[in-house]
Amino acid sequence: MMRRAISLAAAALAVTLVGCMDPGAPGAGSGALSTAFASLPLGFQYVPSTFAGGAAADSNGWAPGDQQAFGRGEGGREGSGGPGHGGPGAGGMMCGGLGGAFHGNGLGFGFGLGFDRGLFGGVFAGKTLPGTCAYDAGSQRVVCDPITHNGLSIARSAAYTNANGSTQTAFDSLTTNTINIRVGVNGTKVRRDDDTSVVQHQSDRTVTGLAPGSTQRTVNGTSRGTENITGSNTTGSFTAVRTIGDTITGVVIPVPAGGMAFPTAGTVIRSATVTLTYAGQEPTTSTRREVITYNGTSAATVTITKDGVTQTCTLAPRSRPVCQ
């Protein structure tokens, strides 16, 4: 019991230091729900997304009230986050901040376990998908057997095409121009705090402009995930549902000469919702939405809406947004 109390106290301190929500910021919700935006849902670090929290994923799980905890990453570093993390009052963004390639540093595209990091590396540099994989003529995709990690099943597949749109059975460093990656994560995990999480996540990402000589990459895709949590604390038994997702539309990233490149066009829309219900009480819901618009200038426009209250911000490369 003493060990559990110490662990929870340390986790609560981590939330205070790196949580995405500032209780004093416009639109901040109750403390029980605000911390839900500080970390990724359990297992979401394994799917491609724009959320930089993949290296500091919520392995121990979020829970409200006296059990709130910013989890330690599965093999990652505790309490880390990408550029732009922090509370809205400081111009921060949720769930670790905005992932690398979308923030101007050319790294951290967020493919999760086994994908390596970097928009211009990993699978997109010709590395094979992790696990046992084979080309399936019916789907015209390279399909991998599911991998079980920490009790969750992770399924991956990829499709490769050349500049003419013709399907390829494998990556070719001389001719492959487009790669589509699909990842699904499903499973149930009884967490360290004895709460139970049931997750279902998926992602579909396409990058075009990979052929030699290309001067820019174009990224499109979506991700979405749901974590259903059941547990109890000193307030009582509860159920909580966390949903998260993003949509990338026409984001153009120049091929960097020196390793750094800020997107010149396109939009990224990120959203998250948490609904908490204690036994015998009405549900409480909090929402957050972030829209990043790239316009070819040295800074993007960011609109952050938290529970109906909106802030307009500007985002420079590798910096926190500056909000009005």
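**A guided tour of the predicted model**

Select Asp 307 to begin: at 31% relative accessibility, this residue counts as partly exposed. The term belongs to a scale of relative accessible area, on which buried means under 20%, exposed means over 50%, and partly exposed lies in between (1.4 Å probe, protein chains only). The structure on screen is a predicted model, in which local features need pLDDT of at least 70 and side-chain atom pairs count only at pLDDT 80 or more, while totals for chains, interfaces and linings use all residues. Residues are numbered from 1 along each chain as its sequence is written, and side-chain values use heavy atoms, with hydrogens and water left out.

**Stop 1: Asp 307 and Lys 306**

Where along the chain is Asp 307 found? Asp 307 is in the loop between strand 12 (300–306) and strand 13 (309–315). Strands (E, at least two residues) and helices (H or I, at least four) are DSSP runs, numbered from the N terminus. The backbone of Asp 307 deserves attention, since the residue has a positive phi of about 50 degrees although it is not a glycine. Most residues other than glycine have a negative phi.

Now add Lys 306 to the selection. The side chains of Asp 307 and Lys 306 meet in a salt bridge, at 2.5 Å from N to O. A salt bridge here is a side-chain nitrogen of Lys or Arg within 4 Å of a carboxyl oxygen of Asp or Glu. Side chains of opposite charge can pair when their charged atoms come close. Is Lys 306 buried or exposed? Lys 306 is buried, with a relative accessible area of 2%.

Next, select Arg 191, Asp 195, Glu 227 and Arg 242 together: salt bridges that share partners join these residues into one network.

**Stop 2: Asn 150**

Move to Asn 150, in the loop between strand 3 (147–149) and strand 4 (152–162). Asn 150 has a positive phi of about 55 degrees, although it is not a glycine. The residue is partly exposed, with a relative accessible area of 35%.

**Stop 3: strands 7, 8 and 9**

Display strand 7 (residues 196–208) beside strand 8 (residues 216–233). These two strands run antiparallel and are joined by 13 bridges; strands are said to pair if DSSP finds at least two bridges between them. To see one such bridge, select His 201, whose partner in strand 8 is Gly 225.

Then add strand 9 (residues 236–254). How many bridges join strand 8 to strand 9? There are 17, and the two strands run antiparallel. Among the bridge partners, Thr 226 is matched with Thr 243 in strand 9. A hairpin connects strand 8 to strand 9 through two residues.

**Stop 4: Asp 246 and its surroundings**

Within strand 9, select Asp 246. This residue is buried, with a relative accessible area of 2%. Which residues does Asp 246 touch, not counting those up to four places away in sequence? They are Ser 49, Thr 50, Phe 51, Arg 205, Gly 221, Thr 222, Ser 223, Ile 269 and Arg 270, where contact means heavy atoms within 4.5 Å.

Two of these neighbours can be examined in turn. The side chain of Asp 246 makes a polar contact with the side chain of Ser 223 (2.7 Å), and it also reaches the backbone nitrogen of Thr 50 at 2.8 Å. A polar contact is a pair of N or O atoms within 3.5 Å; within protein, one must be able to donate a hydrogen and the other to accept it, and residues adjacent in sequence count only if both atoms are side-chain atoms.

Now select Arg 205, which forms a salt bridge with Asp 246, the closest N and O atoms being 2.4 Å apart. Arg 205 lies in strand 7 and Asp 246 in strand 9, so the pair ties together parts that are 41 residues apart in sequence. Arg 205 is buried, at 1% relative accessibility.

**Stop 5: Glu 290 and Arg 270**

Continue to Glu 290 and Arg 270, whose side chains meet in a salt bridge (2.9 Å, N to O). Glu 290 is in strand 11 (residues 284–294) and Arg 270 in strand 10 (residues 265–278), so this pair ties together parts that are 20 residues apart in sequence. Both residues are buried.

**Final stop: the whole protein**

Zoom out to view the protein, which has two helices and 14 strands. Of its 324 residues, 48% are buried. The salt bridges number eight.
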